[in-house]
Amino acid sequence: MQIRLDKFLAECGCGTRSEVKSTIRKKQVTINGTTAVKPEQKINPETDSICCNGKKLVYEQFSTFLFYKPAGCVTARTDKTEKTVMDYFPDSMKKSHSPVGRLDKDTEGILLITNDGALNHRLSSPSYHVNKTYYAVLDSPVPEEAAGCFLKGVDIGDEKPCLPAKLVILPERTENTVYAAELTVCEGRFHQVKRMFAAVGCKVLYLKRLTFAGLSLKGLEKGSYRRLTEEEISDLMQMASLKNERV
Ligand code: URA
C-alpha cells in the first residue's frame, strides 16, 4: 500500500495537510533516515520508517477522537447548508471518519469521531448499553417524583418505555434562578433527554453531554479534540465486546 507522505502524516495526527507540508519543508521529517522534501512523495506505511521531529510514527488502521462539540453545528459528515462536526477536523479525515451517534445542533459536549466502523456500530447500537451523562438547564423546577419515574423507565411515546435512567436534581441557584439536573441514560433514542424531561413537564433550555462511556471533556476546549489513548480504546473495545474479536 502506497500513500502520500503528507496524507500519512496528517492521519498520524501530526497536523492538518497544510501544517504537515510546512513541517516537511522545515526538514523535520525523515523517510528511512533520509530527510523528506516532497509532501507528495509516496511511502509505504507498513515497510517505511517515518520520523517526525525525531519521533517514529506508527501507522494505525483505526483512530478514534474525543471531540468537544460546540452548539451550532450538526452531527453529520457533510451538509449542504449547515456547519458540521467534521468541519473541525482536517480535510484528510472528512471522508474516512464519522461521528458515533448524534447530538442535536443545539447540544454541546462529548462526541466520539472514528474511522472504526465496527466500533462505531457497536457503540451506537441500541443493544449495547453505554452510559452517557447530560447536564440540562430547564424552564421550570423538576418534579421530585421524576427521579423515581426515570428509574422505573419513563414512557416517551415510543413502542417501549425508556430503560432505567438516573436523575440528580441540582440545587436551585438563587439569583437568576436556574433549574438544572444531571441525567445518566444508557440508550441513544432520538431527542431522548429532551423527550424524557418533556414527559415530566419540563422544557430543556440548554443541554450538554458531560460523559460518554466513562470518558469526559477534561482538558478540552470547545471545538477542539484529542486522540484517544490505547488504554481508552481498549476500555471501549471491552465495553463494545470487540476486544476478543480482533487480534
Ligand atoms: N438527547 C437529546 O434530546 N438531545 C441530544 O442532543 C442528545 C440526547
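Is C52 buried or exposed? In this predicted model, C52 is buried, its relative accessible area being 12%. A convenient place to start, then, is with the cysteines. Across the whole structure, the search returns zero disulfides. C52 accordingly takes part in none, and the nearest cysteine sulfur, belonging to C14, sits 4.3 Å away. A disulfide calls for two cysteine sulfur atoms within 2.5 Å. C162 tells a similar story: its closest cysteine sulfur is that of C186, and because the two sulfurs are 9.3 Å apart, they are too far from each other for a bond. C162 is also buried, with 4% relative accessible area.

C162 leads on to the interior of the protein, as it is one of the residues touched by M196. Leaving aside residues up to four places away in sequence, M196 touches F150, V154, I156, C162, A165, L183 and V185. M196 is also among the residues with the most contacts inside the largest nonpolar core, a distinction held together with F150, L183 and F197. That core has 31 residues in total. Two or more of its residues come from each of the strands β7 (64-69), β9 (108-114), β10 (132-138), β12 (179-185) and β13 (204-212), and likewise from each of the helices α5 (146-152) and α6 (192-199). The core also draws on two domains, with at least three residues from domain 2 (64-126 + 219-246) and at least three from domain 3 (131-212). Apart from this core lies another, made up of 18 residues and including L66, L112, M237 and A240.

Some of these elements reappear around the open space of the model. The largest pocket has a volume of about 470 Å³, and 26 residues line it. Nearest its centre are R102, Y134, E187, G188 and R189. Among the contributors to the lining, α4 (117-124), β10, α6 and β13 supply at least two residues each. Of these, β10, α6 and β13 also give two or more residues to the largest nonpolar core.

A last look goes to the surface. T81 is found in the loop that runs between β7 and α3 (91-94). With a relative accessibility of 73%, T81 counts as exposed, because the threshold for that label is over 50%. T81 and T174 are 93 residues apart along the chain, and 41 Å separates their C-alpha atoms.

Technical notes
Residues numbered from 1 in each chain as written. Predicted model: local features only at pLDDT ≥ 70, side-chain atom pairs only at ≥ 80, totals over all residues. Heavy atoms only, no water. Core = buried A, V, L, I, M, F, W, Y, C linked by side-chain atoms within 4.5 Å. Buried < 20%, exposed > 50% of the residue type's maximum accessible area, 1.4 Å probe, protein only. Helix = DSSP H or I, 4+ residues; strand = E, 2+ residues; numbered from the N terminus. Domains from an automatic or database assignment. Contact = heavy atoms within 4.5 Å. 1 Å grid on protein atoms, 1.4 Å probe; cavity = no way out; pocket = protein on both sides within 12 Å on 5 of 7 lines; lining within 4 Å. Points joined across faces, edges and corners; volume = space filled by probe spheres on them.
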